Amino acid sequence: MEIRFSSRMINLTLGLLVLVLSAIVVFSVMQPLRTEKEIQDREQAVIKQMNIIRNAELRYRQVNGEYCASIDTLAMAGFIDDSVRFIPYSNGRKFNIKALCIETQGTGERQTFMECYAFYDDYLLGLDEDVIEDAKRQAVEKGDFPGLKFGDIEHHSDNIGNWE
C-alpha cells in the first residue's frame, strides 16, 4: 500500500507545525514577563504595608522615646491595623522588626535604631523556586538584602527602604 501526500496536505501540515511552534515561542517569552509583573505587584503590596509600619514606628517613638521591637505590640497598641502585621502573599507570615536603643557613655545620650524586613521567600511564596533562588543569589552577590527592608539596627540609615 502506497501513501501519497499531496502538496496541499504537506503545506497544511507545515503550516500547522509553524503555528504550534510559534505558540510555544510566544508562551515561553510571555511566562517570564508575567512572572516579572507578578513580582513587581507583590513588591508594591509589601512596600505599601512597610510604609505604614515605618510611619507607625515613628509615631510610636514620639510617644515612647524608642522604637517598638514587635509587630504584634505595634498592632496591639493601635499604631497599625492588625492586618498590616502580615506580609502580603506570604500565607500568614509576619513582618520582622528589630529595635535597638544605645546609651552613649558619659553623655547619657540615647540613640534608637530600628529595622523592618520581609525576605523574598516570604512574599514570593508560590512562584517558581528558580526565580526566587535567582533573586536571592543576585542580592547576595551585590551585597544587598535578599528581600525588602527599611532601617538598620547596626548603622544609622534614617529608616530608608532598600527600594528607595
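## A walk through the core, the pocket and the tail

Visitor: Which members of the 29-residue largest nonpolar core touch the most other members?
Guide: We're looking at a predicted model here. Nonpolar side chains tend to be buried together in soluble globular proteins. In this chain the largest nonpolar core has 29 residues, and those touching the most other members are V46, I53, L74, F95 and Y123.

Visitor: And which element gives this core its largest share?
Guide: Several elements chip in: α1, α2 (71-76), β2 (110-119), α3 (120-123), α4 and β3 (147-151) each supply at least two residues of this core. The largest share is seven residues, and it comes from α1.

Visitor: What does Y123 touch, leaving out residues up to four places away in sequence?
Guide: Y123 is among the core members that touch the most others. With those sequence neighbours set aside, Y123 touches R42, E43, V46, I87, P88, Y89, A118, G147 and L148.

Visitor: Stepping back, what pattern do the helices and strands follow along the sequence?
Guide: There are four helices and three strands to place. Read along the sequence, they come in the pattern α-α-β-β-α-α-β.

Visitor: What percentage of the contacts between residues at least 6 apart join residues at least 24 apart?
Guide: For background, the chain has 164 residues, and 30% of them count as buried. Among contacts between residues at least 6 apart in sequence, the share joining residues at least 24 apart is 57%.

Visitor: On to the pocket. Which residues are closest to the centre of the largest one?
Guide: The largest pocket has a volume of about 280 Å³. It is lined by 14 residues, and the closest to its centre are E43, Y120, A135, Q138 and K142.

Visitor: Which element supplies the largest share of that lining in the largest pocket?
Guide: By class, the lining has seven nonpolar, two polar and five charged residues. Two helices, α1 (7-64) and α4 (129-142), each supply at least two lining residues. The largest share is six residues, from α4.

Visitor: Now the segment after β3: is D152 buried or exposed?
Guide: D152 sits in that segment, after β3. Beyond residues up to four places away in sequence, D152 touches F113, M114, E115 and S157. Buried means under 20% relative accessible area. D152 comes in at 19%, so it counts as buried.

Visitor: What about G161, and how many ångströms separate its C-alpha from that of C116?
Guide: G161 also lies in the segment after β3. With a relative accessible area of 4%, G161 is buried. Leaving aside neighbours within four places, G161 is in contact with R54, K149 and F150. C116 is 45 residues away along the chain, yet the C-alpha separation is 9.1 Å.

Visitor: Why does the phi of Y89 stand out, and what is it near?
Guide: Most residues other than glycine have a negative phi. Y89 is found in the loop between α2 and β1 (96-103), and it counts as partly exposed at 40% relative accessibility. Y89 is not glycine, but its phi is positive, near 65 degrees.

Visitor: N91 is in that loop too. Is N91 buried or exposed?
Guide: N91 lies between α2 and β1 and has a positive phi near 60 degrees. Exposed means over 50% relative accessible area. N91 has 73%, so it is exposed.

Conventions. Residues numbered from 1 in each chain as written. Predicted model: local features only at pLDDT ≥ 70, side-chain atom pairs only at ≥ 80, totals over all residues. Heavy atoms only, no water. 1 Å grid on protein atoms, 1.4 Å probe; cavity = no way out; pocket = protein on both sides within 12 Å on 5 of 7 lines; lining within 4 Å. Points joined across faces, edges and corners; volume = space filled by probe spheres on them. Nonpolar A, V, L, I, M, F, W, Y, C, P; charged D, E, K, R; others polar. Core = buried A, V, L, I, M, F, W, Y, C linked by side-chain atoms within 4.5 Å. Buried < 20%, exposed > 50% of the residue type's maximum accessible area, 1.4 Å probe, protein only. Contact = heavy atoms within 4.5 Å.
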